[in-house]
Each structure stands twice: as C-alpha cells, then as structure tokens.
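Please report on the fold, the domain contact and the ligand shell of the structure shown here. Keep it brief.

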Amino acid sequence: MLQLNGVEHVYPNGTRALDGVTMSIGKGMFGLLGPNGAGKSSLMRTIATLQTPTAGTIHFGDIDVLAEPTRLRSTLGYLPQDFGVYPRVSAYDLLDHMVSLKGITASGERKATVETLLNQVNLWNVRNKAVAGFSGGMRQRFGIAQALIGNPELIIVDEPTAGLDPEERNRFYNLLVEIGENVVIILSTHIVEDVADLCPRMAVLAAGRIELEGAPSELIQRSRGTIWAKTIERDQLDDVRSNHEVISTRLLAGRTIVHVLSELDPGNGFALVEGGLEDVYMSTLAHTRRPAAAKAA
Ligand SMILES: Nc1ncnc2c1ncn2[C@@H]1O[C@H](COP(=O)(O)OP(=O)(O)OP(=O)(O)O)[C@@H](O)[C@H]1O
C-alpha cells in the first residue's frame with residue numbers, strides 16, 4: 001500500500017504544483033487522470049524520489065519514502081514521461097547494462113534477467129536492433145522492460161501511451177495488465193480511455209489537488225441523472241455554452257452532440273443520458289474551474 005499524506009510541492013518560482021495530496025493506493029492498476037499541467041509528473045517524480053516535496057509524508061508498506069529513498073528505489077520501477085536519449089546500441093546490450101546498474105552483476109543471473117524481460121515485453125526478436133531505431137510502441141515496451149528489472153513492487157508509468165497508434169497502445173495495455181495484480185502500478189495519463197480500459201481504481205488530479213477518487217464504475221454511477229445530451233448545429237454551440245455547463249462536444253455526421261451537466265432538467269430538448277468516464281472527468285474539471293472562475297469574477 002502506498003500512502004500519501006498532505007503532499008505539497010511548491011517550485012522555487014512559486015508554482016504550487018501539488019496542493020495537499022492525500023490518498024492510499026493498493027495493489028493493482030491505479031489511474032491518475034488529469035489535464036496538462038495538473039501536477040501528474042510532479043507527483044510521479046515525487047513518489048519516485050526524484051524530487052522532495054515541500055511538505056507531507058509518503059509511505060510504501062513500512063518504507064518511509066522521504067527518509068529512506070534508497071529502500072524505495074530498490075523496489076521501484078519507473079517509466080518516466082520522457083525516457084530521454086536512446087543510444088545507438090542494441091536493445092539487448094542496453095538492457096544488460098541497465099540490469100547491471102540495478103545491482104544484478106553475476107553473469108548467469110544477468111543473462112537470465114535480460115532474456116526473461118525481453119521475452120516478456122515481446123522484443124526478443126528485435127533484441128539485436130538499436131533502440132534508437134525502435135517505433136514509439138517498441139520504445140515504451142523497452143521502457144517497461146527496464147522498469148521491471150529486479151521485480152519491483154511499485155511501478156510508475158507516466159503518460160505511457162502518448163503518441164502510440166491504437167495497435168501499439170493495445171499491446172502496451174496488455175503488457176501492463178499481464179504485469180499482474182500483485183504490485184502497485186500507477187498509470188498517470190490525460191487519456192480517459194487508458195483509465196477506463198485498465199484501472200479498477202482511479203483519481204482525478206486538477207491544479208495539484210485530488211478532486212475525485214474511486215472505482216470508475218462507481219464514479220459513473222454517481223454521475224447518474226446529471227448528464228444531458230442534445231444534437232445541435234455547430235453554430236448553436238456558443239449559445240448553448242452561454243446557457244449551460246457544457247462538458248463535452250462530439251461531431252457526428254457533421255452535426256454536434258453536446259453533453260451538459262445539470263442537476264435539473266435543462267429543458268430545450270436535452271435528454272438525460274448514461275454518462276461515461278469522459279463525462280465524469282469533464283464534469284469534475286468543470287466543477288474545479290467554477291470556483292476559480294467565480295473568484296476571478
Ligand atoms: N521544474 C519546474 N519549475 C517550475 N514549475 C514547474 C516545474 N515543473 C513543472 N512545473 C509546473 O508545475 C505544474 C505541474 O506540472 P506537471 O508537469 O507536474 O504537470 P502534468 O500534469 O504532468 O502536465 P503534463 O501532462 O503537461 O505533463 C505546471 O504548472 C508546470 O508548469
């Protein structure tokens with residue numbers, strides 16, 4: 001179990017990237033969903049001990065993460081948002097090097113580890129090719145292989161599917177699911193589908209705060225009776241926006257389907273619809289924007 005309590009991070013320029021983050025994350029896949037700039041990478045880097053929060057505590061099992069970062073690192077697998085420069089060396093050699101950096105130096109054990117991992121992420125056939133020439137999906141799978149070195153109990157993947165085509169994304173999803181339910185996996189993303197498809201539990205982070213937490217199905221259930229839809233012409237959208245809380249718009253055959261959030265029947269031909277996770281997410285963001293907008297006014 002990963003436990004965060006009142007985690008704050010204020011960068012030297014005064015940006016408050018994390019603002020009192022408190023949550024518990026158990027075994028299995030946990031989705032951390034938030035828009036650009038919400039603080040997801042700051043939170044992932046903080047949990048991965050790459051930066052120290054300006055306030056708060058973090059525990060993983062009996063490890064006090066801030067006091068014992070080395071203990072955490074020995075059981076951590078991290079796939080950062082930007083995995084950096086890929087040298088022109090083969091996947092096999094690069095992974096072999098990474099395995100020895102992680103302290104697995106006995107040659108037999110090192111060889112077995114590299115072989116197992118390359119097979120697990122389905123890169124064994126291309127093991128002699130340079131990682132620099134890999135596609136986005138292959139790179140992400142290589143990233144997971146390096147994150148799995150040493151059987152970590154906490155795995156963090158930050159925005160892993162950005163730029164992957166649907167087939168590569170699916171492959172990557174399956175790999176994450178296979179990693180199993182016996183470890184804590186945190187998947188940080190701004191893609192709602194990633195969370196809806198993969199994560200039994202999730203949270204929404206916006207402006208450094210946890211705005212919503214729970215099981216996606218539960219959160220969808222909770223939004224029942226508040227999501228309304230109507231098909232309109234494109235030029236009616238501004239009008240709808242000025243009278244309703246628009247949470248999403250989608251084009252269908254040249255017309256616009258608009259979803260609005262309302263506790264009461266908004267009238268005007270809107271019909272109640274069964275919301276999805278996208279609606280839950282967008283309405284959470286709308287709620288968080290509302291107080292800020294009111295304050296500004
Ligand atoms: N090193 C830094 N110095 C100052 N501000 C920073 C720094 N890193 C991030 N920020 C700011 O902190 C806030 C949160 O950024 P962060 O990268 O954690 O968000 P994010 O949710 O990961 O966004 P994205 O999806 O765009 O990567 C943003 O306002 C960002 O500009």
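Strands β11 (residues 227–232) and β14 run antiparallel and are joined by two bridges. In this predicted model, Ala-229 faces Ala-271 of β14 across that pairing. Both strands belong to an open four-stranded sheet, ordered β12-β13-β11-β14, and its pairing is antiparallel. At the edges lie β12 (245–252) and β14 (271–272), each with pairing on one side only.

**Chain overview**

The protein chain holds 10 helices and 14 strands. Its C-alpha trace spans about 70 × 45 × 35 Å along the principal axes. Of the 297 residues, 35% are buried. Contacts reach far along the sequence: among those between residues at least 6 apart, 69% join residues at least 24 apart.

**Two domains and their contact**

The chain splits into domain 1 (2–214) and domain 2 (221–296). Taken over C-alpha atoms, their centres are separated by 33 Å. Domain 1 gives 10 residues to the contact, and domain 2 gives six residues.

Which elements supply at least two residues each to the side of domain 1 that touches domain 2? They are α7, β9 and β10, with these bounds:

| Element | Residues |
|---|---|
| α7 | 192–198 |
| β9 | 201–206 |
| β10 | 209–214 |

The largest share of this side comes from α7, with three residues. By class, the side of domain 1 that touches domain 2 has nine nonpolar residues and one charged residue, with no polar residues.

**The ligand shell**

How many residues surround the ligand? The shell has 14 residues. The closest are Tyr-11, Asn-36, Lys-40, Ser-41 and Ser-42. Which helix gives the largest share of the shell? Helix α1 (residues 40–47) does, with three residues. By class, the shell around the ligand counts 10 polar, three nonpolar and one charged residues.

**Side by side**

The two sets of residues can be read together. On the domain 1 side of the contact, nine residues are nonpolar and none is polar. In the ligand shell, three are nonpolar and 10 are polar. Each set includes one charged residue, both at the domain 1 side and around the ligand. A helix supplies the largest share in each case: α7 on the domain 1 side, and α1 around the ligand.

Terms used: Residues are numbered from 1 along each chain as its sequence is written. This is a predicted model: local features need pLDDT of at least 70, side-chain atom pairs count only at pLDDT 80 or more; totals for chains, interfaces and linings use all residues. Two strands pair if DSSP finds at least two bridges between them. A residue is near a molecule or strand if its C-beta atom, placed from the backbone, lies within 6 Å of it. Ala, Val, Leu, Ile, Met, Phe, Trp, Tyr, Cys and Pro count as nonpolar, Asp, Glu, Lys and Arg as charged, and the others, Gly among them, as polar. Domain bounds come from an automatic or database domain assignment. Two residues are in contact if their C-beta atoms, placed from the backbone, lie within 7 Å. A residue is buried if 20 or more other C-beta atoms lie within 10 Å of its own, exposed if 12 or fewer, and partly exposed in between; C-beta atoms are placed from the backbone.
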